[in-house]
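Dear colleague,

I am handing over a structure for you to look at alongside its sequence. Please open it first, and then read the notes below it.

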Amino acid sequence: MKSVQVTGSSGQSTILIGERLENLMACCPVKLPVIITDVNVYERYRQVFPPAEVIVINAGEKEKTLDTVRHIYEQLLALEADRGCFLIGIGGGMVCDITGFAATTYMRGVRFGFVATSLLCQVDAGIGGKNGVNLGGYKNMVGTFGQPEFVICDPCLLKSLPPVEIRCGLAEIVKHAAIADKNLFSYLETHYDRALALDARVIEKLVHDSVVIKADIVNRDERETGQRRKLNFGHTFGHGIEKTTGASHGEAVSAGMVLACALSVKKGSLAARDARRVSALLEKLGLPVRLEFNGAAVLDAIRKDKKRAGSQIHFVLLRSIGEALVEKISIEELARILAVRQQDDPNISS
Ligand SMILES: [Zn+2]
C-alpha cells in the first residue's frame, strides 16, 4: 500500500493506493459513519460495507443534481446526523462529487472520505478537493472546495468494471502523463496491454503516478488560477464533444486530447511526431482518436463553458510529451480547428 498527501487550503487528504474496501473502518474516525453510495455499488458490495447508516442514490451522471443533494440532506436529517457525523462516499466520480458537495454544505460542513470504485475516480475525480453537481445541463456548475480526509483506491474494485470504464480511466492517466510525466507516458506505451488486462502491479503504478501528478498540481494550485488549468488538457473540446454527442467522458477527452495536440502542432508549440505518439497510445488503449460530432454544436457548448474568459479560452497546449502550457485562445481559432477537422484536412491529421 502506498499513500500520497494532497494539501489544499480546505484541508489535507490522504490517498491510499492499494488499500481495501474491507479495511475502511481503519481509516474512519467515527464508529458509525453515514455511507452514501449508488444502487449499483450497493448491490455489488453491500456485504463488505462496514456497520453504518447507508443512503443509496440512483446511479448515473444525470442524477448528479441539486435534487439528489436535497434527498441526501433530508436523509441526513432523518438520521439525525449532526455536525459530528462523518460521510463516506463509496462509488465512482458521481457519488464522490455529490458526497463531497453534500458534506461541505450540510450544517456548513461535516467531515468526509471516499472509497473510489472506478479507475476514473481513483486517478482523477476523487482527488483534488473539488466537489460539485451539474445544473441546467452544464457539468459541475455548482460546487465547493473541500478535501476528503482519505480516498481509498482499492484495485480489486476495478475488476467488476466494464472495459469501457477502464478505458475512460486510462484516458485520464494518459492526460496526466502527457502534461507532466514523460516517463509515465513511455511506461504506458510499453505496458498498455497489461494495463488493459488490469495487471495489479501495473495498475497500482499507474494509479500511484497519476495521483502524484494530480496531487502535486493541486498542492501548488488548489483553486485553478494557473497550474491546475493544465489538468483540463483535452477537456475543452472533450466536454463539448461529451455534451453534444453523448460519448463517455473518457472517450470524449481522448478525442479532445487529439484535437488539442493538433492545435498545439498548428501553433508551433508541439512537434508533429509527439502528437502522433499521443494518438498512437490512445489507439493502443482502445480509445477513439476522432469522433463524429457537429462542430458548431461543440463550439456552442465551449462558448458556454464556465472557464471562458471573455472571447478567449484558457486552453491547454502541449509543448512536448510531459510538458503543457496554458494559452488564451480565441473562440475563432477553436472554430477553425473544429471546422478543419470536420473536413478532414490531411494537413492536420495526426
Ligand atoms: Zn476528465
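The notes that follow deal with helix contacts, then with one covered helix, and finally with a single residue.

Please keep in mind throughout that this is a predicted model.

Helix α8 (residues 200-220) is a convenient place to begin. Its axis and that of helix α7 (residues 182-196) come within 10 Å and cross at roughly 145 degrees, and the crossing of these two helices is left-handed. On the α7 side the residues that take part are Leu184, His191, Arg194 and Ala195, and they meet Val202, Ile203, Leu206 and Asp209 of α8. Sorted by character, the residues of this contact comprise five nonpolar, one polar and two charged.

Helix α6 (residues 163-180) also approaches α8, with axes that come within 10 Å and cross at roughly 55 degrees. Because of that angle, α6 counts as oblique to α8, and the crossing is again described as left-handed. Ile173, His176 and Ala180 of α6 make this contact with Leu206, Ser210, Ile213 and Lys214 of α8, and the residues involved divide into four nonpolar, two polar and one charged. Leu206 of α8 is therefore worth finding in the viewer, since Leu206 is listed in the contact with α7 and also in the contact with α6.

Helix α4 (residues 93-105) offers a simple check of geometry: at 1.5 Å a residue, its 13 residues should span 18 Å, and because its end C-alpha atoms are 18 Å apart, the expectation and the model agree. The helix is mostly covered, with 12 of its 13 residues buried; among the buried residues are Met94, Val95, Ile98 and Phe101, and also Asp97. Just after α4, methionine 107 takes a positive phi of about 50 degrees, which you may wish to inspect when you look at the backbone there.

The last item is isoleucine 331, which is found in helix α13 (residues 331-343). Is isoleucine 331 buried or exposed? Isoleucine 331 falls in between and is classed as partly exposed, because 15 other C-beta atoms lie within 10 Å, whereas a buried residue would need 20 or more and an exposed one 12 or fewer. Leaving aside neighbours within four places in sequence, isoleucine 331 is in contact with Leu299, Arg303, Ser311 and Ile313. The C-alpha atoms of isoleucine 331 and threonine 244, which are 87 residues apart along the chain, are separated by 17 Å.

With best wishes

Note on methods. Residues numbered from 1 in each chain as written. Predicted model: local features only at pLDDT ≥ 70, side-chain atom pairs only at ≥ 80, totals over all residues. Axes fitted to C-alpha atoms, helices over the stretch in contact; angles between N-to-C directions. Helix = DSSP H or I, 4+ residues; strand = E, 2+ residues; numbered from the N terminus. Left-handed = near helix turned anticlockwise from the far one by under 90°. Contact = placed C-beta atoms within 7 Å. Nonpolar A, V, L, I, M, F, W, Y, C, P; charged D, E, K, R; others polar. Expected span 1.5 Å × (residues − 1). Parallel < 35°, antiparallel > 145°, perpendicular 65-115°, else oblique.
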